[in-house]
Amino acid sequence: MAECVGVDSNTSGHSMDKSITLPPDEIFRNLENAKRFAIDIGGSLTKLAYYSTVQHKVAKVRSFDTTAKEAPNDKLYEISVQEEVTARLHFIKFENAYIETCLDFIKDHLVNTETKVIKATGGGAHKFKELIEKKLGLNVDKEDEMTCLIKGCNFVLKNIPHEAFVYARHADSEFRFQTANPDIFPYLLVNIGSGVSIVKVESEDQFERIGGSSIGGGTFWGLGALLTKTKRFDELLQLASKGQHTNVDMLVKDIYGGSYGCLGLTGDLIASSFGKSATADKEFSKEDMAKSLLHMISNDIGQLACLYAKLHNLSRVYFGGFFIRGHPVTMHTITYSINFFTKGEVQALFLRHEGYLGAIGAFLKGAEEDNPNQYSWGENYAGSSGLMSVSPDMNPMQRARSGTFPFDMLEMDRLERQLVNLPLLQDPSSYIPDTVDLTEDALARDYWLYCFEDALDGVVKRAVASQPDIPEAVVRAEKFRQKYRHKLLTLRHQPFAYGSLTVRSLLDTREHCLNEFNFPDPYSKIKQRENDMALKHYQRTVESLDALSWEDRQFALVSGVLAGNVFDWGAKAVSDVLESDPGFGFEQAKRQLEERPWLVDTYDQWLQRLKGPAHKCALFFVDNSGVDIILGVMPFVRELLSRGTEVVLASNSGPALNDVTNGELQILTERIAAMDPVLQAGLQEDRLTLVQSGSSSPCLDLSRLDKVLAMVVRERQTDLVIIEGMGRAIHTNYYATLSCESLKMAVIKNSWLADRLGGKLFSVVFKYEVPLGKVHHNGATLMLS
């Protein structure tokens, strides 16, 4: 822990009465491996960006050479944990009052930086140029502020799914996050700093300032200071949040005694900002004047934005800049103004990471030789502080005097693979992966947050068990517990912190926290053991299926997939059984399934479809290791291949729970093919293909898939998509509509969820869907969607 002294009052506008403590591991993370810097200095906030290389552990599997009798105890493969280096972007936001403190801290901890230049943007870049160069020994290279802003905006809109949101102050869900549109252009950016700039963005490099106004944040601040004698921007907003503008503003009803019907003006509409102050013989409160001023400027900006949006036929209007800064009272007044002037046709959109746009853009300008836009990036929830509900009551001085450092962080990890939409999504712009938005469903939110906290001890136990020969694993597991519990607590109070709160985001946050403390695959040994066991039963399972009549075999194959899907260590009801009864197997799982009719049951339509022509190619998103993939999925795949259908098996790129990874599936398929001529022929003839999904999650986002997988789907003319498992087919994609036939199969292994869906534990979802009006080769039309 480094003790840092507060800066001089001339720099900050107020004096610090005690030192600030900077925990290096929590704020300037991985600074010793920082390679490149950028900084955006505004009127009151500094945003620092840097790129670092991160060393972390990854789990790898390697097949034993059975011909050399290398495998001990009949094990199929060995597991090793290796070091891997990946790229990470760090963004840190803090008040200008602490800039010298932070520069000193960075200088003391900087070790391996490659660059001698720091890219800088923002109005304060010139003011602090000498200080930065003196402290860090780097040359300041100033970049155009608007160019950086647009580059940063494009980056977050492309790489962060729940970046944009609509603010609804009095709704049950304060933040309504928007579906990420794969085509982000064109859009209008209204940047409200001291003045207002209105920019039309048409492509990555093409934008134009089409208008603006001198009446902006500086006007609110300046006039507010004259009216209230309040010098600080946040204090002015605090006053506005408590004020009543109708005490100062003249309303339509004050003039006409009510509404002005023939012009469509309601009585509560502002007819004249500050209109009552000219005639009323009384003093007005600071709060009321601040509120009136806020409405006046917000309404003016809102009307201006609407006019430009209509003039240029743009429906997406994003607001950002110092004036916004995530303040609820500001977002509310802007939203009201936009709704009024467009009669609800245009929504005011705000950005979760709006404050970082300039810093991100400046960094991208400095990193152009690395072409960062050729990669996909993902938010690291373990290292990001998330969107905070910024109450005007939160005075920065209160945080400073408490001795804690007021900071905000964002971390983005470079992904190994470029992610794109599944080409078979019917409408990518309206696709929503998640079935339930927990930010809007309070009952479900309370349950799932409790559920994840209740499961935490079991996850810690398995994390330690996965590294039995490393004594300090216990310490790291405890740190994981503390961090993830803290994340759950944050999400309980601020469910919107990382966008829409969903079961998927809770699972992904847990995986990020596990990776943070070097637990890359806590279920690796469980998967290894279950794969080895299931392989021993494969031939007997296939032989019993082959002995059945065609129709009985189709039902047995589906039952096998469903029974295999029971083996999910992510479901507590199942993991408790598997831990207490090691003998629980495939046949016992079949007996657990509900009898037909199932909770969702379109099996008869599926059977009828199988009597028609074979599909050209089936894309199968697989789920769990062990019994699921070996005894459930592979016999189903075998049948598809026998019908003449090509099959693409898509599995996770990285570990998540006991889901099978692409590395494991390659080894398993090779071994199964060695004892199954049908699968062997499928591999040799290139009719069976294994591809990474690009995901490391127990759920599935069809808008962020490996580009190679998307290419294979197109080339193979895929006409059937199969999605298996509770995470991929119920928590996500239950309502996903595709342009081809789809089959969603899952067993509900959570009593609360089963009850909510009108079923019971181990209820079955079998959902076969055909796009409306789709005509099969035999001329029959199925309309099931």
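How many bridges pair strand 3 with strand 4 (residues 45–63), and in which sense do the two run? The first legend has the answer. A word on the model before we zoom in: it is predicted, local features need pLDDT of at least 70, side-chain atom pairs count only at pLDDT 80 or more, and totals for chains, interfaces and linings use all residues. Residues are numbered from 1 along each chain as its sequence is written, and side-chain values use heavy atoms, with hydrogens and water left out.

**View 1. Strand 3 and its two partners.**
Strand 3 and strand 4 pair in the antiparallel sense over seven bridges (strands pair if DSSP finds at least two bridges between them; strands are DSSP E runs of at least two residues and helices are H or I runs of at least four, numbered from the N terminus). The two form a hairpin with three residues between them, and Ala38 has Ala49 of strand 4 as its bridge partner. With strand 6 (residues 117–121), strand 3 pairs in the parallel sense over four bridges; here Phe37 is matched with Ile118. Eight of the eight residues of strand 3 are buried, so the strand is largely enclosed by the rest of the structure (buried means under 20% relative accessible area, exposed over 50%, partly exposed in between, using a 1.4 Å probe and protein chains only).

**View 2. Two nonpolar cores.**
The largest nonpolar core has 125 residues, and Phe636, Leu649 and Leu702 touch the most other members (a core is a set of buried Ala, Val, Leu, Ile, Met, Phe, Trp, Tyr and Cys residues joined through side-chain atoms within 4.5 Å). Helix 22 (residues 627–643) gives this core its largest share, ten residues. A second, separate core of 43 residues includes Ile192, Leu237, Ala290 and Val317. Back at Leu649, the contacts beyond four places in sequence include Phe620, Val633, Leu665 and Leu690 (contact means heavy atoms within 4.5 Å).

**View 3. Aromatic pairs.**
There are 37 aromatic pairs in the structure (rings of Phe, Tyr and Trp, the last by its six-membered ring, pair if their centres lie within 6.5 Å; planes under 30 degrees apart are stacked, over 60 edge-to-face, and the rest tilted). Phe28 and Phe105 make a tilted pair, 5.4 Å centre to centre with 35° between the planes. Phe28 lies in the loop between strand 2 (20–22) and strand 3 (34–41) and Phe105 in helix 2 (residues 99–109), so the pair ties together parts that are 77 residues apart in sequence. Phe28 and Phe105 are both buried. Phe165 and Phe175 meet edge-to-face, at 5.0 Å and 65°, and they too are buried. Ring pairs also link Phe165 and Phe175 into a cluster with Tyr167, Phe177, Phe319, Phe350 and Phe496.

**View 4. Lysines over tyrosine rings.**
The charged end of Lys767 sits over the ring of Tyr734, 3.6 Å from its centre (NZ of Lys or CZ of Arg must be within 6 Å of the ring centre and within 35 degrees of the ring normal). Lys93 lies over the face of Tyr356, 5.1 Å from the ring centre.

**View 5. Asp706 and its surroundings.**
Asp706 belongs to strand 24 (residues 705–706) and is buried, with a relative accessible area of 2%. A polar atom of the Asp706 side chain lies 2.9 Å from the backbone nitrogen of Val708. Residues touching Asp706 from more than four places away in sequence include Arg417, Leu419, Gln692 and Gly694.

How values were computed:
Polar contact = N/O pair within 3.5 Å; in protein donor to acceptor, adjacent residues only side chain to side chain.
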